Amino acid sequence: MDKQIRRLTIDDYDEMIRVWSISGLPFKPNGRESRPMIEAELAHQYCAFYGVFDADKLVGLTIVQYDGRRGWINRLAVDPDYRGRGLALDLIAKGEEFLARYGEGLVCALIEDMNSPSMGLFEKAGFVCLNEIKYWSKRPRADL
């Protein structure tokens, strides 16, 4: 494998959607993962999209954001044909490197209750599950 990790741009959008789709990660192409929404996120100083490539093929990606108090590692996905090679851990490390620019703050990830492989991955990367926290959201539309 010819592994490279780099920041993604809007030119990578179609490949991002492809990886999210084949990895089984739900996404909202008419909402928060629409091209205009992704393009707006990419413009933020405190947000970075990282992709891992095999030569020129995107095989994994994550979104990293700093909200002023804590860092977030979101939308982590790896092509099923490339799992088990440490690529997700590489993306987490790249995200932590980006977030370290903003201080030694808290780094968080939200994982759906049924996604035990991701839970194991983040535990392997040194994260701890805080079961006492519940995630609440309010959405003006179902596709957001």
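This is a conversation between a student and a tutor about a predicted model.

Student: What should I know about this model before we start?
Tutor: The model is predicted, and local features need pLDDT of at least 70, side-chain atom pairs count only at pLDDT 80 or more, while totals for chains, interfaces and linings use all residues. Residues are numbered from 1 along each chain as its sequence is written, and side-chain values use heavy atoms, with hydrogens and water left out.

Student: OK, at what angle do H3 and H4 pack?
Tutor: Helix H3, residues 87-100, and helix H4, residues 116-124, pack at about 55°, and their axes are 10 Å apart. Helices here are DSSP runs of H or I with at least four residues, strands are E runs of at least two, and both are numbered from the N terminus. The axes are lines fitted to C-alpha atoms, for helices over the stretch in contact, and angles run from 0 to 180 degrees between N-to-C directions.

Student: What do we call that arrangement of H3 and H4?
Tutor: The angle makes H3 oblique to H4, since angles under 35 degrees count as roughly parallel, over 145 as roughly antiparallel, 65 to 115 as roughly perpendicular and the rest as oblique.

Student: And which residues make the contact?
Tutor: On H3 they are Ala 88, Leu 89 and Ile 92, and on H4 they are Leu 121, Phe 122 and Lys 124, where contact means heavy atoms within 4.5 Å.

Student: New topic: which residues touch the most other members of the largest nonpolar core?
Tutor: Those are Leu 76, Ile 92 and Phe 122, in a core of 18 residues. A nonpolar core is a set of buried Ala, Val, Leu, Ile, Met, Phe, Trp, Tyr and Cys residues joined through side-chain atoms within 4.5 Å. Buried means under 20% relative accessible area, exposed means over 50%, and partly exposed lies in between, using a 1.4 Å probe and protein chains only.

Student: Where does the largest share of this core come from?
Tutor: H3 supplies the largest share, 6 residues, and E2, E3, E4, H3 and H4 each supply at least two.

Student: What does Ile 92 touch?
Tutor: Not counting residues up to four places away in sequence, Ile 92 touches Ile 73, Leu 76, Leu 121, Phe 122, Ala 125 and Phe 127. Apart from this core lies another one, of 16 residues, among them Leu 8, Tyr 13, Phe 53 and Leu 58.

Student: Switching again, what is the phi of Ala 55?
Tutor: Phi of Ala 55 is near 60°, which is a positive value in a residue other than glycine. Most residues other than glycine have a negative phi. Ala 55 sits in the loop between strand E2 (47-54) and strand E3 (57-66), and it counts as partly exposed because its relative accessibility is 35%.

Student: And is Arg 75 buried or exposed?
Tutor: Arg 75 counts as buried, because its relative accessibility is 18%. Arg 75 is in strand E4, residues 70-78, and its phi, near 55°, is also a positive value in a residue other than glycine.

Student: Last one: what does Phe 27 touch?
Tutor: Leaving out residues up to four places away in sequence, Phe 27 touches Ile 17, Trp 20, Ser 21, Glu 33 and Arg 75. Phe 27 lies in the loop between H1 and H2, and it counts as partly exposed because its relative accessibility is 24%.
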